[in-house]
Amino acid sequence: MTDFMKKLAGLSLPTWMKKGEPEKLLKAARRFWTLVYGWVTWPVSQFDPLACAEPLLNLLAYDRDITRFNGEPLGLYRRRVAYAFINARDAGSVEGFISIFERLGIGYVELLERQPDIDWDVIVVRVTDSQLADNAQLLIQIIRQYGRTCRRYQYEVITSERFYIRAGWDQGEYVVYPARLASTETGSATFSASIEG
């Protein structure tokens, strides 16, 4: 809520005028000035890609060199247009590229350069399988637009699993129970065990 709207909502009448026609007049004045404030601020709000009308959003996107890919949700398209200048600035470094992924809502990503046994121009992009499945078109678009020239990108899927290790201390003693076979004259064997401690 802006300062003007706060002041407008904070207007109050003296106690002897809070009934009848003066109260109705105050409510009507609030509605009228809210409409006027909306009319006055509408042109300024159209420069905000997160709140402007969709035809103007397409114009801002053209100005910022953003094209909407097939099936892209409107909210994601608005974020791409809103962060276009920041993303273009951050595109040159590994940290900046990771920031682009975070800004656009993809989540955690790892970028590895010059890995052993892989060509020097390959950059490994590690993402989870759900990120790759949910954002395949967006990942392609980000790499196409903000990726480094003369570099190839290779996806690796990372999977994280949680496991718990319980540690403790067990104080016990080592006990051996030897058993021997006692032979009898009938050919049957009897087993006996003795405890040695």
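**A friendly tour of the core and the cavity**

Reader: What volume does the largest cavity have?
Author: Welcome! This is a predicted model, and the structure holds one cavity of 30 Å³ or more. Its lining includes A91, L111 and I123. For the largest cavity, the volume comes to about 60 Å³.

Reader: Which elements give two or more residues to the lining of the largest cavity?
Author: The lining residues include S93, V94, F97, L111 and E113. By class, the lining has seven nonpolar, one polar and two charged residues. The elements that contribute two or more residues are helix 6 and strand 1 (110–113).

Reader: Which residues have the most contacts inside the largest nonpolar core?
Author: Happily, the cavity lining gives us one name to start from, F97. F97 touches I142, along with others including L111, Y146 and Y153. The largest nonpolar core has 26 residues, and those with the most contacts inside it are F97 and I142.

Reader: Which helix gives the most to this core?
Author: Several elements each supply at least two residues, among them helix 3 (54–63), helix 4 (74–82), helix 6 (94–103) and strand 2 (122–128). Helix 8 (136–146) is also one of these suppliers. With five residues, the one that gives the most is helix 8.

Reader: What radius of gyration does the protein have?
Author: Let's step back to the whole chain, where eight helices and five strands are found. The C-alpha atoms fill a box of roughly 120 × 65 × 30 Å along the principal axes, and buried residues make up 23% of the 197 residues. A compact globule of 197 residues would have a radius of gyration near 16 Å, whereas the protein has 35 Å.

How values were computed. Residues are numbered from 1 along each chain as its sequence is written. This is a predicted model: local features need pLDDT of at least 70, side-chain atom pairs count only at pLDDT 80 or more; totals for chains, interfaces and linings use all residues. Side-chain values use heavy atoms; hydrogens and water are left out. A nonpolar core is a set of buried Ala, Val, Leu, Ile, Met, Phe, Trp, Tyr and Cys residues joined through side-chain atoms within 4.5 Å. Buried means under 20% relative accessible area, exposed over 50%, partly exposed in between (1.4 Å probe, protein chains only). Helices (H or I, at least four residues) and strands (E, at least two) are DSSP runs, numbered from the N terminus. Contact means heavy atoms within 4.5 Å. On a 1 Å grid over the protein atoms alone, a cavity is a set of points where a 1.4 Å probe fits but cannot get out, and a pocket is an open set with protein on both sides within 12 Å along at least five of seven lines; lining residues have an atom within 4 Å of a point. Grid points are joined across faces, edges and corners, and a volume is the space filled by probe spheres set on the points. Ala, Val, Leu, Ile, Met, Phe, Trp, Tyr, Cys and Pro count as nonpolar, Asp, Glu, Lys and Arg as charged, and the others, Gly among them, as polar. The radius of gyration is taken over C-alpha atoms; the globule rule is 2.2 Å times the number of residues to the power 0.38. Lists of a residue's contacts leave out its neighbours within four places in sequence.
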